[in-house]
Amino acid sequence: MLIKKTKKSQLKESQLTSETHYLDRRSLLKKLGLGLASLPFIPSAQAGLFDLFSNDPSAADNSGLIFQREKLTYSSHPRYQLLKPLTPEKKILQYNNFYEFGTGKADPFEYGQQFKVKPWSLTIDGLVDKPITLNYEDLLKRFDIEERFYRMRCVEGWSMNIPWLGFTLATLLKSVSVQSGAKYVHFETLHDEQQMRGQASRRIGGSIDYPYVEALRLDEAMNPLTLLSVGLYGKTLAPQNGAPIRLVVPWKYGFKGIKSIVRITLTDKQPLNTWKKIAHSEYGFYANVNPNVDHPRWSQASERFIGEGNVFAQTRKDTLMFNGYGDEVAHLYKNLDLTRNY
Ligand code: MTE
């Protein structure tokens with residue numbers, strides 16, 4: 001995304017340095033006794049030497065891994081256990097977009113390890129009869145947790161298959177008795193400049209006006225696919241993936257999946273979402289995955305799947321309408337022009 005940094009944004013997504021690559025490169029540099037500062041950005045095509053290390057887990061520098069993820073108890077949702085292959089856990093944990101920690105794919109992993117999720121408070125308010133505030137334990141214990149394998153497609157053109165743990169947003173919304181006038185659901189990420197370096201510096205945080213905000217139409221929020229995730233790969237979420245709770249809307253581009261949520265507000269007017277606010281000609285409110293509607297600066301017809309092996313191996317596949325979830329969600333948009341409402 002990175003739209004304020006013209007030079008970097010003009011690179012193709014495939015040319016951006018991945019986190020795994022970055023860590024491997026850093027580890028190699030350490031072995032060679034070189035500092036990072038001594039090496040300029042290396043486009044993937046020229047990075048052959050570093051590729052030698054990219055499949056070797058021991059080559060990655062994990063010394064900064066301080067955050068402890070807890071094991072979760074959950075059931076498996078049979079309908080959503082069939083997706084193959086899953087993206088390896090290490091890549092889900094180390095290749096991220098979370099601009100509050102920096103705009104690089106490696107930054108959320110590198111700078112998120114000290115993030116504090118306890119205590120946490122998530123408030124659900126606005127047009128509801130029973131507003132509530134949930135603490136960290138409520139998030140993990142109050143609702144039954146399910147495992148669901150979902151596709152995740154980033155608007156930048158890469159994708160993953162992720163075994164999420166969570167509960168449906170509908171379960172939570174039903175528990176607060178949504179009022180009849182409510183039409184939209186607004187989400188807000190924690191604003192804490194002490195903990196999130198990108199919020200304290202516009203240079204580091206991609207010139208976003210924090211807190212990061214997102215929204216869904218109420219019927220999208222109530223769709224049985226829409227999850228509030230509290231974990232992945234059997235354990236609670238890591239900070240870089242949006243601990244302790246984040247949104248997962250698998251038929252939409254990944255930027256709708258707001259992380260580290262502290263407030264959910266029911267409203268009657270369509271709220272502005274962060275990326276639409278920054279560049280409304282590039283990012284819309286709906287953000288439904290759609291191979292027929294290109295981003296103004298790149299095609300959305302195909303995507304680079306991040307699976308086993310070198311992340312630059314470029315396993316490209318065709319983008320699926322609604323990311324493959326059309327049976328469940330196409331009816332929500334039957335009267336909407338998806339080209340205008342991107
Ligand atoms: N939420 C917040 N608060 N800040 C962000 O920068 N990035 C979004 C989304 N949620 C983002 C966010 C984008 S662009 C994507 S693609 C997904 O998180 C990435 O999720 P992942 O890093 O867990 O794969």
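Reader: Which side chain makes a polar contact with Glu 214, and at what distance?
Author: A polar contact is a pair of N or O atoms within 3.5 Å; within protein, one must be able to donate a hydrogen and the other to accept it, and residues adjacent in sequence count only if both atoms are side-chain atoms. For the side chain of Glu 214, the partner and distance are Lys 256 and 2.6 Å.

Reader: What are the sources and limits of these values?
Author: The model is predicted, with local features needing pLDDT of at least 70 and side-chain atom pairs pLDDT 80 or more, while totals for chains, interfaces and linings use all residues. Residues are numbered from 1 along each chain as its sequence is written, and side-chain values use heavy atoms, leaving out hydrogens and water.

Reader: Is Glu 214 buried or exposed?
Author: Buried means under 20% relative accessible area, exposed over 50%, partly exposed in between (1.4 Å probe, protein chains only). The relative accessible area of Glu 214 is 1%, so this residue is buried.

Reader: Which atom of the ligand is 2.8 Å from an N or O atom in the side chain of Glu 100?
Author: Gly 257 offers a polar backbone atom at 2.9 Å from a ligand nitrogen. The side chain of Arg 246 has an N or O atom 3.0 Å from a ligand oxygen. For the side chain of Glu 100, at 2.8 Å, the ligand atom is a nitrogen.

Reader: How much of the ligand does the protein bury?
Author: Accessible areas come from the Shrake-Rupley method with a 1.4 Å probe; for residues, only the protein chains shown count as cover. The ligand taken alone exposes 530 Å², and the share buried by the protein is 99%.
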